[in-house]
Amino acid sequence: MSLLRSQLRWEVREIADLRPLLRQAMYRIYAKYYENTSFHDFQKDLDLKTEVILLFDNDEGEIQGFSTLVEIDVPHQGSSARVVFSGD
C-alpha cells in the first residue's frame with residue numbers, strides 16, 4: 001500500500017471545476033474500458049455528477065484514473081437521507 005501511495009496522489013474536485021483538457025484525458029481513460037461510447041455522451045453523464053476523485057502520477061502529474069461521485073437525497077422513513085453513489 002505504501003508503494004501505491006508514493007506513486008499516486010489523489011484529489012477530489014467539483015465537476016464544474018474540471019477544465020476541458022482534463023475532461024478529455026478522463027475520457028481517454030474511460031474509452032479504454034467501455035465500448036460504444038462518445039466524448040459527448042461521457043460529458044453528458046459527467047455533468048450529472050457532483051464530484052470526482054482523481055488519481056495522478058506523482059512524477060509526471062498525468063491522470064491515471066478517476067471515480068465520479070453523485071450526492072442525492074432519497075426518501076427514507078418519512079424524511080430524506082443523503083446518499084453518495086460512486087461510479088466509473
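I call a residue exposed when its relative accessible area is over 50%, and I apply that cut-off to the loop residues below in what is a predicted model.

**Entry: arginine 19**

I started with arginine 19, which I found in the loop between β1 (8-14) and α2. Its relative accessibility is 66%, so I count arginine 19 as exposed. I also looked up how far its C-alpha atom lies from that of glutamine 7, and although these two residues are 12 apart along the chain, their C-alpha atoms are separated by 24 Å. I note with some care that glutamine 7 belongs to helix α1 (residues 2-7), where confidence is lowest in the protein chain, at a mean of 58. Where pLDDT is low, the predicted coordinates should not be read in detail.

**Entry: confidence**

For the protein chain I noted an average pLDDT of 90, with 92% of the residues scoring at least 70. The highest confidence falls in α2, at 97.

**Entry: helices α2 and α3**

I next asked at what angle helix α2 (residues 20-33) and helix α3 (residues 39-46) pack. The angle is about 110°, and the two axes lie 10 Å apart. I therefore describe α2 and α3 as roughly perpendicular to each other, since angles of 65 to 115 degrees fall in that class. On the α2 side, I listed Arg23, Gln24, Met26, Tyr27 and Tyr30 as making the contact, while α3 brings Phe39, Phe42, Gln43 and Leu46. Sorted by class, this contact of α2 with α3 has 6 nonpolar, 2 polar and 1 charged residues.

In the loop between α2 and α3 I found asparagine 36, whose phi is near 55°, a positive value in a residue other than glycine. At 81% relative accessibility, asparagine 36 is over the 50% cut-off and therefore counts as exposed.

**Entry: strands β2 and β3**

I then turned to strand β2 (residues 51-57), which pairs with β3 in the antiparallel sense over 6 bridges. Within this pairing I looked up isoleucine 53, and its bridge partner in β3 is serine 67. The two strands form a hairpin with 5 residues between them, and in the turn I noted glycine 61, which has a positive phi of about 75°.

**Entry: strands β3 and β4**

Strand β3 (residues 63-76) also pairs with strand β4 (residues 79-87), in the antiparallel sense and over 9 bridges. Which residue of β4 is the bridge partner of histidine 76? I found that it is serine 79. Farther along the pairing, I noted that threonine 68 stands opposite glycine 87 in β4.

The hairpin of β3 and β4 has 2 residues between the strands, and I looked more carefully at glutamine 77, which sits in that loop. Its phi is near 50°, which I recorded as a positive value in a residue other than glycine. Is glutamine 77 buried or exposed? With a relative accessibility of 75%, glutamine 77 counts as exposed, because the cut-off is over 50%.

Notes. Residues are numbered from 1 along each chain as its sequence is written. This is a predicted model: local features need pLDDT of at least 70, side-chain atom pairs count only at pLDDT 80 or more; totals for chains, interfaces and linings use all residues. Side-chain values use heavy atoms; hydrogens and water are left out. Axes are lines fitted to C-alpha atoms, for helices over the stretch in contact, and angles run from 0 to 180 degrees between N-to-C directions. Helices (H or I, at least four residues) and strands (E, at least two) are DSSP runs, numbered from the N terminus. Angles under 35 degrees count as roughly parallel, over 145 as roughly antiparallel, 65 to 115 as roughly perpendicular and the rest as oblique. Contact means heavy atoms within 4.5 Å. Ala, Val, Leu, Ile, Met, Phe, Trp, Tyr, Cys and Pro count as nonpolar, Asp, Glu, Lys and Arg as charged, and the others, Gly among them, as polar. Two strands pair if DSSP finds at least two bridges between them. pLDDT is the predictor's confidence in each residue, from 0 to 100. Buried means under 20% relative accessible area, exposed over 50%, partly exposed in between (1.4 Å probe, protein chains only).
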